[in-house]
Amino acid sequence: MVDSSLPAHASVVVIGGGIMGCSTLFHLAGMGVTDAVLIERNKLTSGTTWHSAAQVRALRHSQNLTRMIQYSVDLYSRLEQETGQSVGWIQKGSLSIATNPDRLTHIKRQEALAQAYGIEARSVSPQEAAERWPLMNADDVLGAVWSPDDGRVSPSDVCAALVKAARGLGAKMFEDTGVTGILTENGKVRGVQTTRGTIMCDAIALCAGLWSREVGAMAGAAVPLLACEHFYLLTKPVEGITGNMPTLSDHDSHLYIRDDSRGLLVGCFEPMGKPVAPGVLDENFAFQLLPEDWDHFEPMMLNALHRLPPLETAEVKMLLNGPESFTPDGSFMLGETVETRGLFLGCGMNSVGIASGGGAGMNLAHAIVHGHTAYDLGEADAKRFAPVFNSLDHLMARAPEILGTHYEIAYPGKQLKTARDLRRLPLDAEYRAAGAHFGQFHGWERPLYFSKTAEPTLRFDRPDWFENVAAEVMAAHERAAIFDASPFGKIEVTGPDAEAFLLHTCAGHMARAPGSVIYSAVLNDRGTFESDITAQRITADHYRLFVGTTAIGHDLAWFRRYAEGFDVALSDSTEDYAVLGLMGPDAARIVAQCGAPELNQLGYFKVGPAHIADKHVRAARMSYVGEAGWEITCKAGNAAAIYSALAAAGAVPAGLYAQTSMRIEKGFCAMGHELDSDITPVEAGLAFATRKSGGFIGHRAMQDRLAAGAEPGLISLVLDDETAMALGHEPVRLDGQIIGQTSTCAFGYRVGKPVALAHVNTRLPDGARVTVDIAGQQFAASVKTGALFDPDGARMRG
């Protein structure tokens with residue numbers, strides 16, 4: 001099985017022999033990288049994979065993550081036919097039960113999502129749920145959702161089949177080969193040093209599971225993940241279990257339950273896990289488990305005894321405690337790192353490695369071979385984390401909470417509690433004094449809304465912050481409000497070739513004169529979005545680019561990739577500057593009162609210098625919320641004085657919830673919501689903002705998409721029922737048929753109704769009537785293809 005001679009060179013070295021490494025090797029070989037090599041410090045599957053409960057549940061919160069797992073299911077069944085190696089695929093479905101009204105809403109939302117993604121799922125009564133799981137105590141069950149296509153596999157057999165197929169295509173695999181170092185040159189990988197010699201290579205796929213953080217550090221890359229203890233109970237045979245059964249998901253009790261060798265397997269994702277300190281899992285930790293901890297498991301055991309009466313008399317075989325790795329946000333890491341070119345991550349699987357592994361390995365191989373994943377997986381982008389999250393203290397606090405979020409109800413407004421206050425805004429003290437309730441974004445604490453009341457009770461109906469957000473929106477609409485955009489990434493582009501460089505990398509009108517503000521799509525060679533930016537041209541050879549808060553690592557790496565051959569310098573100035581959006585009809589009076597009347601002479605999408613409270617600012621006449629005003633950039637240290645002057649003149653702070661509501665009413669898109677790497681400006685209705693003359697990356701592909709008949713598919717919706725609570729990803733139906741999904745949703749305070757943006761596959765005229773499926777209930781809505789609210793051209797009063 002094992003190859004004997006370590007090659008001197010391989011196009012790609014895969015580090016790690018778990019499900020991700022084996023899948024990546026198989027797919028690399030299938031894509032023509034037949035000299036790919038996998039090295040494993042111990043034996044295949046010896047880290048986490050071997051003890052996985054190996055559940056394969058297709059539905060995830062996004063269409064592409066779901067698509068990825070559907071690929072895994074297809075792959076695993078195909079492997080058995082192609083290699084003759086059994087993978088132990090057992091397809092008995094899954095049953096998700098609800099024991100409180102909010103959980104019932106949650107699983108019904110999941111049912112609607114499944115239908116949008118083409119997955120069979122249906123609500124069943126408590127009686128039918130009990131029939132499908134007769135050992136269950138169903139007295140407190142309010143309802144359930146049945147998913148017949150879910151199943152499980154044998155993890156070791158899957159990996160064996162993947163490696164067998166990969167070796168058949170020419171790839172090689174070496175066990176008992178540990179990594180001792182990674183060679184880099186000019187920020188790019190060159191080779192891997194191992195206990196058996198050095199392999200020079202062009203790229204590395206880092207799939208080392210629990211040890212990926214340490215291996216990444218060898219190449220100077222941050223890989224923020226940490227191991228936590230993960231428990232499941234195994235019993236000896238139990239009367240009533242005669243064959244395979246569906247997986248029972250009792251998430252209110254934090255449990256998953258299935259049969260195992262005619263006994264029971266009862267696993268948990270308890271509300272707060274146990275982190276594994278560095279050093280515990282050393283190089284000799286192979287096919288090993290951590291000690292049983294019955295005290296920690298006891299609350300879960302009591303839940304299990306309530307749900308499964310036969311467990312009381314069952315004979316326990318063992319309490320398995322196996323480590324799993326978790327990331328700061330609960331999504332895995334896939335793709336090239338920010339710090340080191342050619343180092344690709346496929347790790348941090350958050351206990352869903354077997355379900356994800358087939359599709360994630362395919363996408364990782366695709367990224368290595370083709371430079372991008374097969375479809376948008378922005379939520380898994382390896383570049384998304386702020387460096388601060390790689391701190392061991394932060395990981396020790398956050399990872400156990402992430403384990404506990406697996407089975408939480410997905411309430412709107414839910415925020416993580418650990419590893420907070422990592423990055424504070426320049427005006428953090430002022431916002432706290434004003435009663436800000438914060439959310440964390442890329443480590444930054446950003447105000448969501450302002451209220452002097454206690455923390456809200458989360459719910460699916462009208463939220464506690466509804467009236468607070470209404471007051472903030474009305475302040476911006478009727479007077480003036482301050483929206484803090486300081487966390488937005490800022491990239492300085494300087495040098496003689498700054499214009500030529502940006503004309504190449506950006507689709508917008510980057511040659512406009514100094515003093516201009518330019519909105520631009522940043523496209524890849526497929527004509528789809530890598531990013532969207534706002535650029536301020538400060539001088540002929542100096543632009544400042546404003547990018548999404550979480551996109552700074554990705555976008556800076558993207559621009560640097562294309563900078564070769566241009567006389568430009570790129571730098572990250574995010575933390576140097578604060579940005580305050582002063583918006584509303586009183587904005588003109590306020591800036592004049594604060595010493596900057598000249599700003600009233602600026603044209604729309606123009607930027608100019610001024611002084612507010614005797615502090616230098618650069619103000620751009622633009623608005624993300626549909627009310628006229630300026631985005632005011634200043635040195636971070638001057639923000640407090642400027643804010644104090646604006647507030648004294650009558651402006652009030654407003655949070656992110658108000659901004660989102662107003663953005664939707666105005667019909668403005670956001671990256672990661674309406675825009676991603678699967679969509680072009682054509683479908684997004686933004687082709688007008690690209691240069692017809694071309695000359696930018698992605699222009700030809702965009703033109704090809706147009707020639708193929710692509711047309712705008714982004715619409716605005718106004719829901720009739722004021723109480724409807726769409727959250728995003730809800731199916732949109734026309735005459736009962738699903739034609740698309742919502743992307744961003746909110747209550748439109750200026751419209752007086754719930755509003756949403758949605759992508760649909762059918763051209764709809766203004767006024768068309770559709771329904772939005774919210775937890776199985778159909779809510780009528782009207783279609784609009786432009787802004788839902790445009791406040792008289794966003795004029796200001798002086």
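Six strands close into a barrel in this predicted model, in the order 34-37-36-35-38-39, with antiparallel pairing. On average, and ignoring direction, neighbouring strands of this barrel sheet are turned by 45° against each other. Helix 16 (residues 656-666) packs on that sheet and touches strand 36 (737-748) and strand 37. The direction of helix 16 makes about 130° with that of strand 36.

Let us turn to another sheet. Here 5 strands form an open sheet in the order 25-26-27-24-28, and the pairing is again antiparallel. Its edges are strand 25 (517-523) and strand 28 (569-572), each of which pairs on one side only. From one strand to the next, the twist averages 25°.

One strand pair from each sheet is set out below.

| Strand pair | Sense | Bridges |
|---|---|---|
| Strand 34 (residues 714-719) and strand 37 (residues 753-760) | antiparallel | 5 bridges |
| Strand 24 (residues 489-494) and strand 27 (residues 542-547) | antiparallel | 6 bridges |

If you would like to find these pairs in the structure, Leu717 has Ala756 of strand 37 as its bridge partner, while Lys490 has Phe546 of strand 27.

Helix 8 is also worth a look. This helix spans residues 353-370 and bends by about 35° at Gly359. Why is helix 8 largely enclosed by the rest of the structure? Because 16 of its 18 residues are buried, with buried meaning under 20% relative accessible area. Just after helix 8 comes Gly371, which takes a positive phi of about 90°.

Technical notes: Residues are numbered from 1 along each chain as its sequence is written. This is a predicted model: local features need pLDDT of at least 70, side-chain atom pairs count only at pLDDT 80 or more; totals for chains, interfaces and linings use all residues. Side-chain values use heavy atoms; hydrogens and water are left out. The bend at a residue is the angle between axes fitted to the seven residues ending there and the seven starting there. Helices (H or I, at least four residues) and strands (E, at least two) are DSSP runs, numbered from the N terminus. Buried means under 20% relative accessible area, exposed over 50%, partly exposed in between (1.4 Å probe, protein chains only). Two strands pair if DSSP finds at least two bridges between them. Axes are lines fitted to C-alpha atoms, for helices over the stretch in contact, and angles run from 0 to 180 degrees between N-to-C directions. Contact means heavy atoms within 4.5 Å.
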